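Here are my notes on the model, set out as numbered points. Please read them alongside the coordinates.

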Amino acid sequence: MIFYLVTFCCAFAALGSFLFGYDSGVISSSIEQEAFLRRFGSPALSDAVAGGIISSYTGGAIVGSMLASYVSDYYGRRMVLFIGGLLATLGAGLQGGAVSIAMLIAGRCIAGLAIGQMSAIIPVYCSEVAPPQIRGMLASMQQWMLGLGFLVAGFKRWVGYGCTLRGGAFSWRFPLSFPVIPAIILICGIWFLPESPRWLIEKGREGEGRSVLARLHLNRNATNNQLLEHELFQIQESLASEKHFAVRSWRHLLLSPRWQCRILLACGLQVFTQCSGTNVISNYSPRLFQTLGLTKSTSLMVIGLWSALAQLWNTLFMLFVDKVGRRKMLIPSLFGMGAALCIEATLALYIDFNDPNANPHALRAAIAMFFVFSFFFTALGMISWIYQSEVFPTPIRARGSSMATAANWSVSLVFARCSPIALTNIGSNYFYCFVAFNWAAMVLVWAFYPETAGCSLEEVEDVFTAKFVEEQSERSFVDEKTPVAITPRSQIRRQGLHPLSMNPTYEHPTYDTASIGSSHSGSGNDIETKAV
């Protein structure tokens, strides 16, 4: 079954992710243009000024990601993208028209606010409008569009390189102003997209939510109407049960044992992404390739090929993320990245690549390891955005995603500050740190991360709820005669996922819409007794 409309909606919303990738990649080439340096930094920018220009963007993104949930919870997911588009337009205008370093930094900070908001909410929106069977593919639009933005901007490539041919102020003003175009398209088009049906139903607008679900999930012949009715019932039932555990403050969210595990899982996966070493490789790849003895022009050519292949991997992995499952992709991904960096560091330790007589096969192997790393990183990069939008219930999904995204940006800022110092002092031995990070993360994923693929968001919620109830029961004494209200495991199996299973079951039984409500009804005496 092909869902054309919902796929288009997610791709359009992910224009904000394109801005994410483009803004992150274009700044390094722009501030190195001769015309830019003549105006602001002749003969060169100081480290403090260059650091301020780059880190102001990350600082803005941290603040923006935390603010996103306030707008999203009260005004809807689309409003966040609309405000993000407005801020991105303002930020790009200030950067392109900058007449001072302070104005440029202000523009970068505002652009960061926009990207922080949108990067936190785009996966949430895509997950909430997507059918369960392709939710991973649609939520991974964030990573795909982010990669496309990097590819278009790059480091002294494509837009940056093309503008150097024109010369003058145009060489840096146009690349920095270019985000205005996709941002305006996003601003104008976002209100033509449907609002998240789960947010609508949570706000009591059930008629609108049902209409959106029908428009996005029904096939042409309406043969899947029963599954649609069951999905609607699951959403209503889940929201009704969550009212008993309403989160009224950030303090309650952070200190409640019910949510702490999920916060750690979502934030942990984003931390794993930054600790994998990907940002060090992408941000300092020219420097790394030149240490392997490559000329500057050859290094840039290799980097361009590396970015293009990364986008190809994103496209291929999107097609399999729902069929293979999250865990089965994450564990090999983390192991492969650790192995690639271990080989890279070991080669650099024993071979001097600046020596003209160095083994050419070792040089090829060292370059190849960066491409191997890129291949294995793809799964982690995609799933880090998918998972944070799956593990939280609808009332706190935006807040949970905001915290995970803020963790990503915060750790990114740490590595941005530490990596130049580490590369200068310990060189390629720095990669051994990322080997340890990746392999430790692999163990943590294997031990603690449940599978979420192939289930609706409400079925994922059942898994965590059942696990939480069992853990609480084990910690406290329960009398055998005391009834404990928990979700029956048989009911969760019928919904498509065993509560203790780490792998999804992809069988979707046929539901009788006339009996859905009655099958879950009963008297208060029908409470399952928990045996100790």
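1. A disulfide is taken here as a pair of cysteine sulfur atoms within 2.5 Å, and a search of the whole structure on that basis finds zero disulfides. Cys188 counts as exposed at 51% relative accessibility, while Cys261 counts as partly exposed at 35%; buried means under 20% relative accessible area, exposed over 50% and partly exposed in between, with a 1.4 Å probe and protein chains only.

2. This is a predicted model, in which local features need pLDDT of at least 70 and side-chain atom pairs count only at pLDDT 80 or more, whereas totals for chains, interfaces and linings use all residues. Residues are numbered from 1 along each chain as its sequence is written, and side-chain values use heavy atoms, with hydrogens and water left out.

3. The largest nonpolar core (buried Ala, Val, Leu, Ile, Met, Phe, Trp, Tyr and Cys residues joined through side-chain atoms within 4.5 Å) has 118 residues, and Phe36 and Leu269 have the most contacts inside it. Helix H22 (residues 360-388) supplies the largest share of this core, 13 residues. Because domain 1 (1-193) and domain 2 (253-476) both give residues to this core, it lies between them; the domain bounds come from an automatic or database domain assignment.

4. Thr405 is buried, with a relative accessible area of 0%. Setting aside residues up to four places away in sequence, Thr405 touches Ser65, Gly116, Ser119, Ala120, Trp385 and Gln388, where contact means heavy atoms within 4.5 Å.

Notes. Helix = DSSP H or I, 4+ residues; strand = E, 2+ residues; numbered from the N terminus.
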